[in-house]
Amino acid sequence: MFLKRIAKRIAAPFRSRGVILLYHRVASIAPDRWSLCVSREHFEQHMSVLRKFRPLRLEDIAARPLPRSVAVTFDDGYADNLTHAKPVIEKYGIPATFFLATGYIGGSREFWWDELEQLIFQPESVAETLDVSIGRRFDQHTVSGSRLEIHDQIYDYLQPLAQDERRETLERLSDQIGHKPQFRQSHRQLSPGEISELSKCEFAEIGAHTVTHPRLSTQSLRDQKTEIECSKIFLEELAGAPVATFSYPYGGSNHYSLHTCEIVRQAGYRFACTTNPQAVTRLSKPYELPRLNIGDMDGDRFERLLESYCYS
Ligand SMILES: [Zn+2]
């Protein structure tokens, strides 16, 4: 009994569990292939539920994950982060970190996955079989099936490419399908002015999410360094404050490597987030913090989900 009590006391700090939440958009948009959108109504319910937990800044939860602690993060940098998310986090006093892919800021192109979604889902009809040529080497692939299946197969070919190759491939695909993606206000990113506005909010912090949103594990170490360092410098200038946190694009264990983590550390970041859906504990690695992707669910379901991860 005595030994059991001692063991329990030793293990206590490691049982302390928090959770880092991952959002992308506060909006209601269809199609939404990757479930990036949470409606405004549901997002407000989520933030209200967080009052029953312990909302912390990302850096604080990473340094010391107290029982029932929760940190909110957003990836990518959609404009609705400012217009729809910021007022709600301010209303409930919930800190949030916004990870931004800087190469899209102030541009006139949507994120590549949104352009692909337009190409496949907007035309009245798309052939059931397409021969597509991928990348600079024009690798030939045949994709077939429903629109969703075609979309997903092309997505898998595009994701590992560097930005230029991806754009060239999308342009060829656009010619082939006979449909041109438009720049939609509903899918635009934050502008430089909006980022400085967001950074002035006392509950908002800015983090980096690379420049071009590549799958880092498929890029050379030199290119990874450029992506990781340049996004930090750009955002620090815009926000007028140090940027200490980073999130890996796509965030799965095959989307970055241990070399990537080291580059992130050497660039001066203190913490980096993955999309590994686990609770955060004292044993979590600072450059591989787990995060839970949050879909468009109501407040009750959200609360049950948090309880299941966050028990202390
Ligand atoms: Zn992302």
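Student: How much area do domain 1 and domain 2 bury between them, and what share of it is on carbon and sulfur atoms?

Tutor: In this predicted model, domain 1 and domain 2 bury about 1500 Å² between them, with 50% of that area on carbon and sulfur atoms. The domain assignment places residues 17-107 + 185-310 in domain 1 and residues 112-177 in domain 2, and the C-alpha centres of the two domains lie 28 Å apart.

Student: How many residues on each side are in contact?

Tutor: On the side of domain 1 there are 17 residues in contact with 16 residues of domain 2, where contact requires heavy atoms within 4.5 Å.

Student: Why is the pair of Arg33 and Asp152 called a salt bridge?

Tutor: The rule asks for a side-chain nitrogen of Lys or Arg within 4 Å of a carboxyl oxygen of Asp or Glu; the side chains of Arg33 and Asp152 meet at 2.6 Å, N to O, and therefore the pair satisfies that cut-off. The count of salt bridges between domain 1 and domain 2 is one. By class, the side of domain 1 that touches domain 2 has seven nonpolar, six polar and four charged residues. Across the same interface of domain 1 and domain 2, 11 residue pairs are found in polar contact.

Student: What makes Asp80 and Arg25 a salt bridge, and which parts of the chain does the pair tie together?

Tutor: The closest N and O atoms of Asp80 and Arg25 are 2.7 Å apart, and because the limit is 4 Å, the pair qualifies as a salt bridge. Asp80 lies in helix H4 (residues 80-92) and Arg25 in strand S2 (residues 25-26), so the salt bridge ties together parts that are 55 residues apart in sequence. The structure as a whole holds 21 salt bridges.

Student: How many aromatic pairs does a search of the whole structure find, and why is the pair of Phe43 and Phe74 called edge-to-face?

Tutor: The search finds 13 aromatic pairs. Among them, Phe43 and Phe74 are 5.7 Å apart, centre to centre, with 65 degrees between the planes; because ring centres must lie within 6.5 Å and planes over 60 degrees apart count as edge-to-face, this pair meets both conditions. Phe43 belongs to helix H2 (residues 40-49) and Phe74 to strand S5 (residues 69-76), and the pair links parts of the chain that are 31 residues apart.

Student: Where is Pro31 placed, and what is the peptide bond from Ala30 to Pro31?

Tutor: Pro31 has its place in the loop between S2 and strand S3 (37-38), and the peptide bond from Ala30 to Pro31 is cis, with omega near -5 degrees.

Definitions and conventions:
Residues numbered from 1 in each chain as written. Predicted model: local features only at pLDDT ≥ 70, side-chain atom pairs only at ≥ 80, totals over all residues. Heavy atoms only, no water. Domains from an automatic or database assignment. Buried area = accessible area lost by both parts, 1.4 Å probe. Polar contact = N/O pair within 3.5 Å; in protein donor to acceptor, adjacent residues only side chain to side chain. Nonpolar A, V, L, I, M, F, W, Y, C, P; charged D, E, K, R; others polar. Phe/Tyr/Trp six-rings, centres within 6.5 Å; stacked < 30°, edge-to-face > 60°. Helix = DSSP H or I, 4+ residues; strand = E, 2+ residues; numbered from the N terminus.
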